[in-house]
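Student: Let's go through the aromatic contacts in this one. Can you show me the sequence and the structure?

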Amino acid sequence: MKKQLLMVATLMFAVFAARAQKTDTAGYMVHYKFSHLRDTNNRANPYTENMALFLGQNSSVYKSYDKQLQDALFKKQVKEAIANSPNGNISIHTKNTASPLQYYQFSAQKKLYRKESLVINSYLIEETLPVIDWKISSDTASFGGMHCQKATAHFKGRDYTAWFCADMPFHTGPWKLNGLPGVILEAYDAKKEVVFKFDGIEKVAPAQPVAAVAEPQSGDRRMVMIGGDDSDTDPAVIQLPSRSIKTTDKEFAKLQDAMRKDPDAFAQAMMASSGMNRPGNANGPGPDHIKIKLGPQAVINNPIELSEK
């Protein structure tokens, strides 16, 4: 427990002020029906989720469309629990099954940022934008009335087929897929174990001005949204999450391992390191005591990224 606290506390001081990349504005949003066969022993039930790719002039972000709905429901539950709690202690039982994963692509800088979440904290991991050796063919197809061309490549242990629309000059796609002369509207691997199925495209409403939020003062019982550091961000705005903790793949893997070994102890360590669940002081009552119960972890014996043989 002490080791977990030390590791979490160390990372907490490394909060990343994401100003290296300029804020962009999304003009279009591509919808995908994402499917991933995570457990090869349960082929009848692949993981599925509604995802969206927000396209800006200089960047893109791929994230869960379902999560927006689940975040809204969670906020409502927290507000109702606080309003109905006579002593400020609340207990929230939620089944948030949507993925918190987000992928930011900056093609000009050749950078890829992956946002991950664990309990109450989000983490930002920087990578080099992968270079994919696509082979473009003369095959064409239409998706939602949009003319697309076929390309194939071996990437992260799988053989992918992608359909890209050259009429939309965005060299990006879902997940880590990129590098074609047009936006990737649909992609899948040879075994159809990973599928990004096109589900429509729409224009994004112009970004709306966001009012500044005052920093909480000592003793302020302002509600903290767990894992929602950017849940109020206008979807038309593409920017790296400013309150995420910058880390590396190696360090994040250690945190994930600690959570799997003892989910309850890990959750309490995270909350303690952030100053939550502490008693009141002379300045007023402390934050509400929030208890988190983590559900069973998904079985993943077929990760989206496979080791090369």
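**Rings and charges**

Tutor: Sure, starting with one residue: Trp 175 is buried, at 3% relative accessibility, where buried means under 20% relative accessible area (1.4 Å probe, protein chains only). Keep in mind that this is a predicted model, where local features need pLDDT of at least 70, side-chain atom pairs count only at pLDDT 80 or more, and totals for chains, interfaces and linings use all residues. Numbering runs from 1 along each chain as its sequence is written, and side-chain values use heavy atoms, without hydrogens and water.

Student: How many aromatic pairs does the structure hold?

Tutor: Rings of Phe, Tyr and Trp (its six-membered ring) pair if their centres lie within 6.5 Å; planes under 30 degrees apart are stacked, over 60 edge-to-face, the rest tilted. On that basis, the count of aromatic pairs is 10.

Student: Why do Phe 155 and Trp 175 count as they do, and what is the pair called?

Tutor: Their ring centres are 5.5 Å apart. The planes meet at 65 degrees, so the pair is edge-to-face.

Student: What about Tyr 160 and Trp 175: which class is that pair?

Tutor: Tyr 160 is buried too, with a relative accessible area of 2%. Its ring and that of Trp 175 are 6.2 Å apart centre to centre, with 45 degrees between the planes, and that makes the pair tilted.

Student: Which ring does the charged end of Arg 38 sit over?

Tutor: The test is CZ of Arg or NZ of Lys within 6 Å of the ring centre and within 35 degrees of the ring normal. For Arg 38 the distance is 3.7 Å, and the ring belongs to Tyr 47.

Conventions:
Buried < 20%, exposed > 50% of the residue type's maximum accessible area, 1.4 Å probe, protein only.
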